Amino acid sequence: MADALSVIPAAVLRNLSDKLYEKRKNAALELEGIVKQLALAGEHEKITSVIHLLTTEFTYSPQANHRKGGLIGLAAATVGLTTEAAQHLEQIVPPVLNSFLDQDSRVRYYACEALYNIAKVVRGDFIVFFNQIFDALCKLSADSDANVQSAAHLLDRLVKDIVTESDQFSIEEFIPLLRERMNVLNPYVRQFLVGWITVLDSVPDIDMLGFLPDFLDGLFNMLSDSSHEIRQQADSALSEFLLEIKNSPSVDYGRMAEILVQRAASPDEFTRLTAITWINEFVKLGGDQLVPYYADILGAILPCISDKEEKIRVVARETNEELRSIRADPAEGFDIGSMLSIARRQLSSEWEATRIEALHWIAMLLTRHRSEAVEMRRWKSGNIWKVERRAGMTLGNMKSQRSRNSYLNIEKDVLDDQSVQDMTMQVISFLDDIFDTLLKALSDPSDEVVLLVLEVHACIAKETLHFRRLVVFLMQKFQTDLSLLEKRGTLIVRRLCVILDAERVYREFSAILEVETDLDFASTMVQALNLILLTSSELADLRALLKKSLVDAAGGKLFLSLYSSWCHSPMATISLCLLAQLDKLIRLLETPIFVYLRLQLTSSGLYIPGGAFYNFSKHSNKLLEPGRYPWLLKSLNGLLMLLPQQSDAFKILETRLRTVPLYTFGNEQFRQTSSGNPYMQNLHISGGLQITEDGDKNSDAGNFYNGINFTSKLQQFEDMQRQHREHLKSQSQSRTFTSSTMSQEIQRREEPPQQPSPVPPDLTRPSSRSRRAPGQLPL
């Protein structure tokens, strides 16, 4: 201190703290000359004393004018030191940086001016304080005083020039500071940061691309800024980095992929578009690096497929197709479980397009990895055969049996099939997780979604165990949600019959319904399945097989497998039996044994070719009485409506009915019962016997056709219907009891309480009228 006072005149010190800028400036010039003389003389201790005086007595003074003088004095001392200033920067720079936080805006302004002058002198030696200077400039860029901001911008440009030409700048030390500042929301600070990122990226010797993951999220955050200028600057910087990524052989795709996935879900459209564009390029360029991140990328793509912005939808679909075409190996980190989990989660999306793509992914993943497991199994089987063959050629050279066995075991262990089993079980293990979700998706309002769900179910059902489980779960879904059966039951069953084997599907449904304890649901389900069986074009082959039930073993087995459950519904049972025997019945009506029935269809005469007309009524008073057989005509017309119009049976019966003359039946004839019909009386034969074409009575053994015991089937139908009648009776009794109980309770609550009347002493004995017999209710 004493050395400094002896060197610097008192007038200079007094003017350095004057309130007038001109006096302070002149004092600084005098101080510059003093320091220059000391530097030439090598009096560095005195220079250090002078700098210490300026720091303690001026820059840290409570008086603003003193602080201003101290700052301009430090700048003047640095200028005086010229090339020797570097060794004194540790004393000069910290007080100036500290003044950037001064409450007085004029002090902050002079601090910028002082540091600017210091930087011009020392240039590259200034880099050691870069992080502190950058932090101070970052704060000053958002200063409330316009003059301070202007001074800070000038200083910022100078520092950028120094950094770009310096070989001492450490990007590794700077990146943590930059990463901290990237989340600042102030628009001035954001402009300052983007400016520095752009400048540093332009320096060939600075690898900003390698550190891009550290500040990439901050740049994407700026894309949603309210300032158009900031959005434009951030987008320009990102575009430049993306171009560098395309041309760079080494890029850290993984860390950046995590950031892009998050930004793809941004509420800002421009941010989403930029993020999905980057993801699209990453999928094309990333290669093996991105394999562990495929699930996250899929989770970002699927929602964007349904984005309201068309550009985003287009890029998302392109990226989705690109990702789907990549065949990744689990050994590279591909996690099928995570992929299926993401796809399952998107099945609950409110957007149809996203749900559809999620189902496509589930189907593709299951199909691809099942086929890959099969191929690997075949490959390993072939290689094991080669090992055995090679072993056979070399075993002759081995003396002991133990050596031979050891050789074979070692070789086969190398080609162990455990990895194949692991891959298969990995796929199957995830089916439990997605099964319930897929079943819920059957209630989706979109038919396309439902059809894709069935495709996935069919893919799963290729395994026998999962096939039965699918039908069981589907039946449970129908049982708990009858509206699904009503609205989508036909679509679901028909599609399953197309994708899977129709016979297999119906057999499984029947087997489950046969043991169903909920009789009401069983009846409803059987009726639905029966209607689909009779009307769906997809089940034409199944109907054709059922028509051969009496002549073909496969048809007979199918009939038996369906009959047991079809007994839950009388109409379904009749339909099944008619479907199995209707063609044969129609052709049987044309045989000689049924000539009497065909005669009953005629009126009072029969037209004979050649013009003759033979009157049967003169020769028969029974068969040709048309009024007595109205139900025969109605029954045959009913059979005609059941037959497909393109079938031969339909044409035969239609031709026969056309020969029936027009006849109007009276209402009283329709009211006739079968008991009044002699023919119907004659048809009743006890003991379960039947009439053959020759009129002979056969025993029950005659009821076997192609292994079908119709007598036992009839008994089975009657037993099932008895169960339904008892079930309905119990339900009716339960409802009656419940209704009666509720009525009594309501009546009891509505009756007013009766007050007991006083009884005279002489009337306490009940009269003879009040006496009642045992078991009689009181009046």
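Biologist: What does the accessible surface of the chain come to, and how much of that area belongs to carbon and sulfur atoms?

Modeller: The surface comes to about 42,000 Å², and carbon and sulfur atoms hold 52% of that area. Please keep in mind that this is a predicted model.

Biologist: Thanks! How many of the residues are buried, as a percentage?

Modeller: Of the 779 residues in the chain, 43% are buried. The label goes to residues under 20% relative accessible area. As for secondary structure, the chain has 36 helices and 6 strands.

Biologist: What share of the contacts links residues 24 or more positions apart?

Modeller: Taking the contacts with a separation of 6 or more, 70% come from such residues.

Biologist: Let's try the labels on single residues. Why is Ser 99 called buried?

Modeller: Ser 99 has a relative accessible area of 4%, and the cut-off is under 20%, so Ser 99 counts as buried. Ser 99 lies in helix H6, residues 89-99.

Biologist: How do you know that the side chain of Ser 99 makes a polar contact with Pro 95?

Modeller: The side chain of Ser 99 reaches the backbone oxygen of Pro 95 at 3.0 Å. A polar contact needs N or O atoms within 3.5 Å, with one able to donate a hydrogen and the other to accept it, so this pair qualifies. Beyond four places in sequence, Ser 99 also touches Leu 71, Val 107, Arg 108 and Ala 111.

Biologist: Which other residues of H6 are buried, and what covers them?

Modeller: Besides Ser 99, the buried residues of H6 are Leu 89, Ile 92, Val 93, Pro 95, Val 96 and Leu 97. Their cover includes helices H4 (44-59), H5 (64-81), H7 (105-122) and H8 (130-140).

Biologist: What makes Thr 82 partly exposed?

Modeller: Thr 82 has a relative accessible area of 40%. Buried ends at 20% and exposed starts over 50%, so Thr 82 falls in between. Thr 82 sits in the loop between H5 and H6, and has a positive phi of about 50 degrees although it is not a glycine.

Biologist: And where does Arg 123 lie, and what is its phi?

Modeller: Arg 123 is in the loop between H7 and H8. Its phi is near 50 degrees, a positive value in a residue other than glycine. With 28% relative accessibility, Arg 123 is partly exposed, because the value lies between 20% and 50%.

Biologist: Here is one for a charged residue: why does Arg 181 count as buried?

Modeller: Its relative accessibility is 17%; the limit is under 20%, so Arg 181 passes as buried. Arg 181 belongs to helix H10, residues 171-181, and contacts Asp 135, Cys 138 and Leu 193, leaving aside neighbours within four places in sequence.

Biologist: How do you know that Met 222 is buried?

Modeller: At 0% relative accessibility, Met 222 is under the 20% limit and therefore buried. Met 222 is in helix H12, residues 212-222, and its contacts beyond four places in sequence include Met 182, Arg 190 and Ile 230. From C-alpha to C-alpha, Met 222 and Gln 233 are 8.9 Å apart, with their positions 11 residues apart in sequence.

Biologist: What makes Tyr 506 buried, and which backbone atom does its side chain approach?

Modeller: Its relative accessible area is 0%, under the 20% limit, so Tyr 506 is buried. A polar atom of the Tyr 506 side chain lies 3.3 Å from the backbone nitrogen of Leu 533. Tyr 506 is found in helix H26 (residues 502-514), and touches, among others, Val 493, Cys 497, Leu 562 and Trp 566. Tyr 506 and Ser 561 are 55 residues apart in sequence, yet 8.8 Å apart C-alpha to C-alpha.

Biologist: To finish, how do the axes of H30 and H33 cross?

Modeller: The axes of H30 (570-589) and H33 (648-658) come within 9 Å and cross at roughly 35 degrees, and the crossing is left-handed. On the H30 side, Asp 583, Ile 586 and Arg 587 meet Asp 648, Ala 649, Ile 652 and Leu 653 in H33. The residues of this contact divide into 4 nonpolar, no polar and 3 charged.

Methods
Residues are numbered from 1 along each chain as its sequence is written. This is a predicted model: local features need pLDDT of at least 70, side-chain atom pairs count only at pLDDT 80 or more; totals for chains, interfaces and linings use all residues. Side-chain values use heavy atoms; hydrogens and water are left out. Axes are lines fitted to C-alpha atoms, for helices over the stretch in contact, and angles run from 0 to 180 degrees between N-to-C directions. Helices (H or I, at least four residues) and strands (E, at least two) are DSSP runs, numbered from the N terminus. A crossing is left-handed if the near helix is turned anticlockwise from the far one by less than a right angle, and right-handed if clockwise. Contact means heavy atoms within 4.5 Å. Ala, Val, Leu, Ile, Met, Phe, Trp, Tyr, Cys and Pro count as nonpolar, Asp, Glu, Lys and Arg as charged, and the others, Gly among them, as polar. Buried means under 20% relative accessible area, exposed over 50%, partly exposed in between (1.4 Å probe, protein chains only). Accessible areas come from the Shrake-Rupley method with a 1.4 Å probe; for residues, only the protein chains shown count as cover.
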